[in-house]
Amino acid sequence: MEYEEHEKWAWSVDFSRTEPTILLVSGNDDCKVKIWCTKQETSVINIDMKANISLHFTSPQDHNTCSWV
């Protein structure tokens, strides 16, 4: 499956450590964070930021926690 919602290159992609087959997060130069369910073709959450995004998951125990800079 391909995910093509970002308006520019996706520089950061990370899979959840607790749910790697279900959840991933992407961020890039369009200043957006997108949270994806790998079982769906479109993102499930979109977060608009004011700067370019570099992200990673911070909690290997909790798939609901991630951070970005």
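Does Lys32 count as buried or exposed, and at what relative accessibility? Hold that thought for a moment, everyone, and thanks for coming. What we have on the screen is a predicted model, so please keep that in mind as we go.

Here is the answer on Lys32. This lysine counts as buried, because its relative accessibility is 19% and the cut-off for buried is under 20%. Lys32 belongs to strand β3. As for what surrounds the lysine, once we set aside neighbours within four places in sequence, Lys32 is in contact with His6, Glu7, Ser26, Gly27, Ile47, Asp48 and Ile53.

Let me step back to the whole chain. The protein has 6 strands and 0 helices, and reading along the sequence gives β-β-β-β-β-β. There are 69 residues, and 35% of them are buried. The accessible surface is about 4600 Å², with carbon and sulfur atoms contributing 53% of that area. If you take the contacts with a separation of 6 or more, 33% of them link residues 24 or more positions apart.

Now to the sheet. Four of the strands make an open sheet, ordered β1-β2-β3-β4, and the pairing is antiparallel. At the edges sit β1, residues 10-15, and β4, each of which pairs on one side only. From one strand to the next, the twist averages 15 degrees.

Let's look inside the sheet at β2, which covers residues 23-28. On one flank, β2 pairs with β1 in the antiparallel sense, over 5 bridges. One place to see this pairing is Phe15, which stands opposite Leu24 in β2. β2 is also joined to β3, residues 32-37, by 5 bridges, and those two strands run antiparallel as well. Along that pairing, Leu23 has Cys37 as its bridge partner in β3, while Ser26 stands opposite Lys34.

How many of the residues of β2 are buried? The count is 6 of 6, so the strand is mostly covered. Both of its faces are covered: one side carries Leu23, Val25 and Gly27, the other carries Leu24, Ser26 and Asn28, and all of these are buried.

Ser26 deserves a closer look. Its relative accessible area is 4%, which means that Ser26 is buried. The Ser26 side chain makes a polar contact with the side chain of Trp36, at 2.8 Å. And you will remember Ser26 from the contacts of Lys32.

Next, the turn from β2 into β3. The hairpin has 3 residues between the strands, and Cys31 lies in that loop. What is the sign of phi at Cys31? Cys31 has a positive phi, about 65 degrees, although it is not a glycine. That catches the eye because most residues other than glycine have a negative phi. Cys31 also counts as buried, because its relative accessibility is 19%.

While we are on cysteines, Cys37 counts as buried too, at 16% relative accessibility. How many disulfides does a search of the whole structure find? The search finds 0.

Let me finish at the edge of the sheet, with Ile45. Ile45 is in strand β4, residues 45-48, and we have already met β4 as an edge strand. Is Ile45 buried or partly exposed? Ile45 is partly exposed, because its relative accessible area of 40% falls between the 20% and 50% limits. Leaving out residues up to four places away in sequence, Ile45 touches Val33, Lys34 and Ile35. With Ile35, the C-alpha to C-alpha distance is 5.1 Å, and the two are 10 residues apart in sequence.

To recap the path we took: we began with Lys32, buried in β3, moved to β2 with both faces covered, went round the hairpin with the positive phi at Cys31, and ended with Ile45 in β4. Thanks for listening, and I am happy to go back to any of these spots on the screen.

How values were computed
Residues numbered from 1 in each chain as written. Predicted model: local features only at pLDDT ≥ 70, side-chain atom pairs only at ≥ 80, totals over all residues. Heavy atoms only, no water. Buried < 20%, exposed > 50% of the residue type's maximum accessible area, 1.4 Å probe, protein only. Contact = heavy atoms within 4.5 Å. Areas by Shrake-Rupley, 256 points an atom, 1.4 Å probe, with all protein chains shown as cover. Polar contact = N/O pair within 3.5 Å; in protein donor to acceptor, adjacent residues only side chain to side chain. Disulfide = S-S within 2.5 Å. Pairing = 2+ DSSP bridges. Axes fitted to C-alpha atoms, helices over the stretch in contact; angles between N-to-C directions.
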